[in-house]
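Reader: I am new to this structure and would like a close look at a single part, the metal site. Please start there, and then go on to the parts of the fold that can be described in some detail.

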Amino acid sequence: MSQEKFLGSWELRAAFARALSDMYGKEVPAYTTLLEVSREVNADFVAAHGADAERLGSIDRVTAERHGAIRVGTPAEISQVARVFGAMGMRPVGFYDLRDASSSSVPVISTAFRPVDRAELARNPFRVFTSMLVPGDRRFFTPDQERRLDEFLAARVLFPPELLLLADRAAAEGGLPASGAATFLLLATKAFELSREPVDQAWYRELEAVSAVAADIGGVASTHINHLTPRVLDIDDLYARMTARGITMIPAVQGPPRWDGPDVLLRQTSFRALAEPRTFRTAGGEIVEDALRVRFGEVEARGIALTRDGRSAYDAAVAELDERAAGLDEAGRQRIGREIWERTFPATEAELAARGLGFFTYELADDDSHDAPPSGPGPVAGPGRTPAPGAETGTDHGSPRPGRAPRVVRAPVVYEDFLPRSAAGIFQSNLSDEGAKDSAQAGAERDADWMEGALGRELADPFELYARQVDESREAAAATLGVAPQ
Ligand code: OOG
Ligand code: NI
């Protein structure tokens, strides 16, 4: 018998991302348009900017890159999600509490499953923003609703036992042989397909009156992908092209404003998908067709990861903007945002690094290598640190230096996570109704430790992961140069 091909966890991840994308393209045609426009934007950006265009990720990585969003109902369900994604080398990273991130009714807490190592991210960075309902939060559900919600959620099966068994095997063995991999991918993709099973209308509408998100999660017997998001290199260009095609986008690009300095964190924008036909069972047992608008299209541009100091500066800038732009239109908000931004953030990567606001790795570069191109003149210094001694710290762009010692060049670390405020905005743009939240009631205490318990595995801190990438790069560079890292 010939040796069966073995798919490693990253190959499962890449294949799963592709399969989901194909499935979602069939379900939501506007997504296919979005992919088409994204490809055009990226190709034109690379043509216009050359090698610099790939500073924050190779064009191959960016073209294939997606994030998904899913929503589940209970700790048991999210721990199963962790097993399925764990099989693909995706670990839970970060904690987001969206109950307070906006004034509307979004009764969920979230994490993101993603690869955590640099090499794994480079192979395929697929990530999934995963939210779970917070029952027990009296601001949203009455005790009676809560009891019925618990009962409903406990009775459903989101992931078949065969899928979970294969997931555990893949996690233990670092992947699966081809036949097991095919079954795993089929079942995993199917678990996120929109179900055609009739939805209990009375139950769905009752939850919808509390929160559309609660109904989307707890009103149906299965889960589904809420959106899949491609990455573009120029989101303002994408926005203009989608608008020119007659697709109505939300009024703004969320996150940092457009400006001439380095792109940081994450900028996102979206459009509402068309209403989708869904089948309901009425209280009288009749089967009727209705339409639901719960899914939509989203696109993003990723920038440099910020350190804790950088992030505090960002959060303070956003708070100041909110205060000063209250009541202004989008153009006014943009103008003030830019002004605050220019005062808060340095205009070059060199300064972002020198002031300890952004994460950068330090690589040894062949002289004409563009793998880790430098960002321009300036000292190579990490957050509060100096480069390995003995290393040449000149960062002139790619000029050959025959006979010289290898150069240490600074390369930006890409932000791989999410922003709670943009996430809340995305949830909100999905809602046709504000829902009902009784703010006089106490909310349920839920934090990262609680989430870690629900997941049944370690929940990584994004800042620590970025810092680790930086340290590893320093150690590797120092080892090659034969000096001690600092
Ligand atoms: C998730 C919203 C968050 C993002 O990109 O910030 C998100 C959801 O709607 O389920 O996907
Ligand atoms: Ni998203």
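Author: His 227 and Glu 298 are both buried in this predicted model. They are two of the protein donors of the nickel ion (ligand 2); His 67 is also among these donors. The histidines bind through NE2 and the glutamate through OE, and these donors lie 2.1 Å from the ion. Along the sequence the donor residues follow the spacing H-x159-H-x70-E. His 227 belongs to strand S8 (residues 227-230) and Glu 298 to strand S12 (residues 296-302), so this pair, 71 residues apart, links distant parts of the chain.

Next comes an open sheet of three strands, ordered S7-S10-S11, in which the pairing is mixed. Its edges are strand S7 (199-200) and strand S11 (287-292), each of which pairs on one side only. S7 runs parallel to strand S10 (residues 276-281), and two bridges join them. One residue of S7 to look for is Val 199, whose bridge partner in S10 is Phe 280. In general, strands of a sheet pair through backbone hydrogen bonds, either parallel or antiparallel.

An antiparallel case is S13, which is joined to strand S14 (residues 407-412) by six bridges. Phe 360 has Pro 412 as its bridge partner in S14. Because five of the six residues of S13 are buried, this strand is largely enclosed by the rest of the structure.

Strand S13 (360-365) is also one of the elements against which the buried residues of helix H17 pack. The others are strand S3 (91-97), strand S4 (108-114) and helix H5 (118-123). The buried residues of H17 include Pro 462, Leu 465, Tyr 466, Gln 469 and Val 470, and further along Ser 473, Arg 474, Ala 477 and Ala 478. H17 (residues 462-481) has 20 residues, which should span 28 Å at 1.5 Å a residue; the end C-alpha atoms are 29 Å apart, so the two values agree. At the start of this helix, a side-chain oxygen of Asp 461 comes within 2.8 Å of the backbone nitrogen of Phe 463. Just after the helix, Gly 482 has a positive phi of about 75°.

Strand S4 holds Arg 114. This arginine has a relative accessible area of 1% and is therefore buried, the cut-off being under 20%. Its side chain makes a polar contact of 2.9 Å with the side chain of Asp 417. Arg 114 also touches Leu 465 and Tyr 466, both of which are buried residues of H17. Other residues that Arg 114 touches include Gly 89, Met 90, Val 93, Leu 121, Phe 126 and Glu 416.

Helix H6 (residues 143-155) can be read in a similar way. Its 13 residues reach 19 Å from the first C-alpha to the last, close to the 18 Å expected at 1.5 Å a residue. Gln 145, Glu 146, Leu 149 and Leu 153 are its buried residues. These residues lie on the same side of H6, because they cover an arc of only 95° around the axis. An α-helix has 3.6 residues a turn, so residues three or four places apart point the same way. The buried residues of H6 pack against helix H4 (75-86), strand S5 (127-133), helix H9 (201-210) and helix H10 (212-218). On the face turned away from the buried side are the exposed residues Pro 143, Glu 151, Ala 154 and Ala 155.

Key. Residues are numbered from 1 along each chain as its sequence is written. Chains are lettered from A and ligands numbered from 1 in the order in which they are written. This is a predicted model: local features need pLDDT of at least 70, side-chain atom pairs count only at pLDDT 80 or more; totals for chains, interfaces and linings use all residues. Side-chain values use heavy atoms; hydrogens and water are left out. Donors are N, O and S atoms within 2.8 Å of the metal (3.2 Å for Na, K and Ca); water is not among the atoms, so sites may look incomplete. Helices (H or I, at least four residues) and strands (E, at least two) are DSSP runs, numbered from the N terminus. Buried means under 20% relative accessible area, exposed over 50%, partly exposed in between (1.4 Å probe, protein chains only). The expected span of a helix is 1.5 Å times one less than its number of residues. Contact means heavy atoms within 4.5 Å. A polar contact is a pair of N or O atoms within 3.5 Å; within protein, one must be able to donate a hydrogen and the other to accept it, and residues adjacent in sequence count only if both atoms are side-chain atoms. Two strands pair if DSSP finds at least two bridges between them. The arc is that of the directions from the helix axis to the C-beta atoms.
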